[in-house]
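User: Hi! I'd like to walk through this structure with you. Can we start with the empty spaces inside?
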Amino acid sequence: MSVAAPTTPAAADRPAAPGARAATKRLRAHLPVALAALALALYVTSGLWSNPYRHAVAANPGDQAFFEWVLAYGVHLLHHGGDPFFTDLLNAPDGVNLAANTSITVYAILFAPLTMLAGPQVTFVTILTLNLAASGFVWYLFLLRWVTRNRVAAAVGGLFAGFAPGFISHANGHLNWTSGWIAPLVLWQLLRMRDQRHWVRGGLILGVLLGVSFSIAAEGLFFTALAGGVFVIAWALAGPNRAEARRLLPRFLGALGLTAVVAGALLAYPLYMHFAGPQTFKGTGFNQRHFAEDLFAFFAFADRSVAAGLGLRSDLAPNPTEETSFFGVPLVVLIIGSLIVLWRRADEARRATLRALIVVAVVFFVMALGPRLRVLDMETSIPLPYALLQRLPLFDSALPLRFSLVLAGVFAVVLALITERLLDSSYRKALIAALALALVPIFPLPLLYRERAAEPKFISSGAWKDYTTDGGVISALPFGVNVAADGQRWQAYTMARGGEEFRIPDGYFLGPDELGAEGKGRIGALPRATDWLFLRAALYGYIADLDNWDRASARADFQRWGVTAVFLPDGEITGSEGPLFRQAVEVTATDLLGEPERVDDALVWRIRPGVDPIDR
């Protein structure tokens, strides 16, 4: 996210006009933008809303399954208690460090009533929609307070920031990265600290805000803090601002110190769990050199944009969820031209603010390029500054290309400033044409969706309870992973009902790679022979010729997991690319474990830990 510039002389928020009538008038003035943001958000997510129980984002159904699981875990916490930052419901018996994953704890607790009432599928698409709408609206309010008094200009910048290509890309399954409203709120409070009269209150509020935001979007909060720090330092070092900066510094630092105390108290346990708790790890399960921005990606068009729909699609991102820049040539040209116009017409004080804004843009542009320069999807041997940062704490857990999301906030500020500048000038028609040329090509298209397998009656009816105890371990086949997450979804739907629950081995999460050096992270549990036996059957239709070595391996794996039954629904089973090879899974399970029982709409194999499967 970006930091916007205070361009009005006010040191604190403007006082509200007295009386209920004035408050109502202000709300009515903001209502058109709020409705526009909500309408855009509903339009983008319309495919999911058409059937939230069967539709998943086509580009990233695994992440959607993970977030639905986390939302269901919120219901579990309310009904059964437990640790918000660690669970053994996944990856039995080792468990999962949720603090080191994106656990969105605040959302999970806040929306638990909706999850119990309608299921985590509906809660997921509700939060996704509200995230997008709130991001556009809160950015509008931020720009209206700190950048421009022109509502049209603030609306142009705010709606762009909320629905920029990078955030539409992340709407493919990411409830954390679509929480773009966090950045303007944090930056708003940071800029309010210029008010020396209320520095204590400001520090307290910012500390609480950071504590809440950490559990929703920790990586985005880290980027916001970096951007805020870069902007404040660049602004304070400028000649016209040095005297004011020296005057403000003591209480500003005091407010930040108070913020650190409050946020530290709220986050002491989650931070301990994140860095030193069980099942924690260093870095991430993703290759930072692979997840670095391509130089030409900034000029390309995202997959879910009007331009891409007309055939101007590119393939410069690791996957459709990480098209984090993709602003297109017209918008980049407009932003550069706008900065030139604004600079030429600015006084020294305004130039200091613009300079700080440009510094933020350049710093995050360079960091987004990663440790080595990538050009047209080819990594060169040219080293970049991020190579010096990639092993530092926090930076080692970040994906470099996501730093380019900060540019969406910078661009929003520039769009608001140039719109305000030219709306009342003789260049109004030229401005409208330029905005249309730059923004229409990147206007978002609705998210693509795909059908996913329905919850089997064996789970929804509670028939599974005859095959394990409350808190026992059973699993769908294949075992839950990011590319085959049905089993994890069905466990989540059971948790959301608030009654008896079962645990599962494996699952989609980030955990430690015990085979790697320095406790590095990996996606999912450490692979075992039985995992791969069923996963390759599901993904590729491969049927292995099993022998007693395979049975001994499976027997050891089942005993370690404590699994008492595995099941396979009658209908299709689905993965990240669509239907899986169900028949191959059934043949493999029958060869390994013998003939199954039929229960409702599923085949079930009982397992005696340490006994089954029996050698032949």
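User: So, how much space lies in the largest cavity?
Analyst: Happy to help! This is a predicted model, and its largest cavity holds about 100 Å³ of space.

User: And how many cavities of 30 Å³ or more does a search of the whole structure find?
Analyst: The search finds 7 of them.

User: Back to the largest one. Which residues lie nearest its centre?
Analyst: Those are Pro 61, Ala 485, Asp 486, Thr 574 and Gly 575, out of 15 residues that line the cavity.

User: Which helices and strands supply the lining?
Analyst: Helix H3 (61-80), strand E6 (449-451), helix H19 (486-496) and strand E11 (574-575) supply at least two residues each. H3 gives the most, with 3 residues.

User: What does the lining look like by class?
Analyst: An even split: 5 nonpolar, 5 polar and 5 charged residues.

User: Okay, on to the packing. How many residues does the largest nonpolar core have?
Analyst: That core has 73 residues. The ones with the most contacts inside it are Trp 69, Tyr 107, Phe 163, Leu 175, Leu 447, Phe 458 and Phe 567. H3 turns up again here, as the largest share of this core, 8 residues, comes from that helix. There is also a second, separate core of 68 residues, which includes Trp 177, Ala 183, Ala 416 and Leu 435.

User: Let's zoom in on Phe 163. What is it in contact with, leaving aside neighbours within four places in sequence?
Analyst: Phe 163 is in contact with Ala 37, Leu 40, Ala 41, Val 44, Leu 132, Ala 133 and Ile 168.

User: You mentioned Ala 183 in the second core. Which helix has it among its buried residues?
Analyst: Ala 183 is one of the buried residues of H9. That helix covers residues 182-192 and is mostly covered, with 8 of its 11 residues buried. Besides Ala 183, the buried set includes Ile 182, Pro 184, Val 186 and Gln 189.

User: What covers those buried residues of H9?
Analyst: The cover includes helix H6 (120-146), helix H10 (199-237) and helix H11 (242-276).

User: Now Thr 494, please. Is it buried or exposed?
Analyst: Thr 494 has a relative accessible area of 5%, so it counts as buried, the cut-off being under 20%. This threonine is found in helix H19. Leaving aside neighbours within four places in sequence, Thr 494 is in contact with Glu 455, Ile 459, Trp 464, Glu 500, Glu 501 and Phe 502.

User: Let's do strands. Why is E10 described as largely enclosed by the rest of the structure?
Analyst: Because 6 of the 7 residues of strand E10 (residues 563-569) are buried. E10 also has strand partners. Strand E7 (residues 473-476) runs parallel to E10, joined by 4 bridges, and Ser 475 stands opposite Val 566. Strand E14 (residues 602-606) pairs with E10 in the antiparallel sense over 5 bridges. In that pairing, Pro 569 has Ala 602 as its bridge partner.

User: Which strands form a hairpin with 2 residues between them?
Analyst: That's E4 and E5. They cover residues 372-375 and 378-383, and they pair in the antiparallel sense over 3 bridges. One bridge partnership is Arg 372 with Pro 383 in E5. In the turn, Leu 376 has a positive phi of about 50 degrees.

User: Interesting! Where is Ile 104, and what is its phi?
Analyst: Ile 104 sits in the loop between E3 and helix H4 (105-110). Its phi is positive, about 35 degrees, although Ile 104 is not a glycine. Ile 104 is buried, with a relative accessible area of 0%.

User: What about Leu 394: where does it lie?
Analyst: Leu 394 lies in the loop between helix H15 (386-389) and helix H16 (406-423). Leu 394 has a positive phi of about 80 degrees, and at 39% relative accessibility it counts as partly exposed.

User: Last one: which residues does a cis peptide bond join?
Analyst: One such bond joins Ala 92 and Pro 93, with omega about 0 degrees. Pro 93 is in the loop between strand E2 (86-87) and strand E3 (96-97). Asp 612 and Pro 613 are also joined by a cis peptide bond, with omega about 0 degrees, and Pro 613 lies in the segment after E14.

Note on methods. Residues numbered from 1 in each chain as written. Predicted model: local features only at pLDDT ≥ 70, side-chain atom pairs only at ≥ 80, totals over all residues. Heavy atoms only, no water. 1 Å grid on protein atoms, 1.4 Å probe; cavity = no way out; pocket = protein on both sides within 12 Å on 5 of 7 lines; lining within 4 Å. Points joined across faces, edges and corners; volume = space filled by probe spheres on them. Nonpolar A, V, L, I, M, F, W, Y, C, P; charged D, E, K, R; others polar. Core = buried A, V, L, I, M, F, W, Y, C linked by side-chain atoms within 4.5 Å. Buried < 20%, exposed > 50% of the residue type's maximum accessible area, 1.4 Å probe, protein only. Contact = heavy atoms within 4.5 Å. Pairing = 2+ DSSP bridges.
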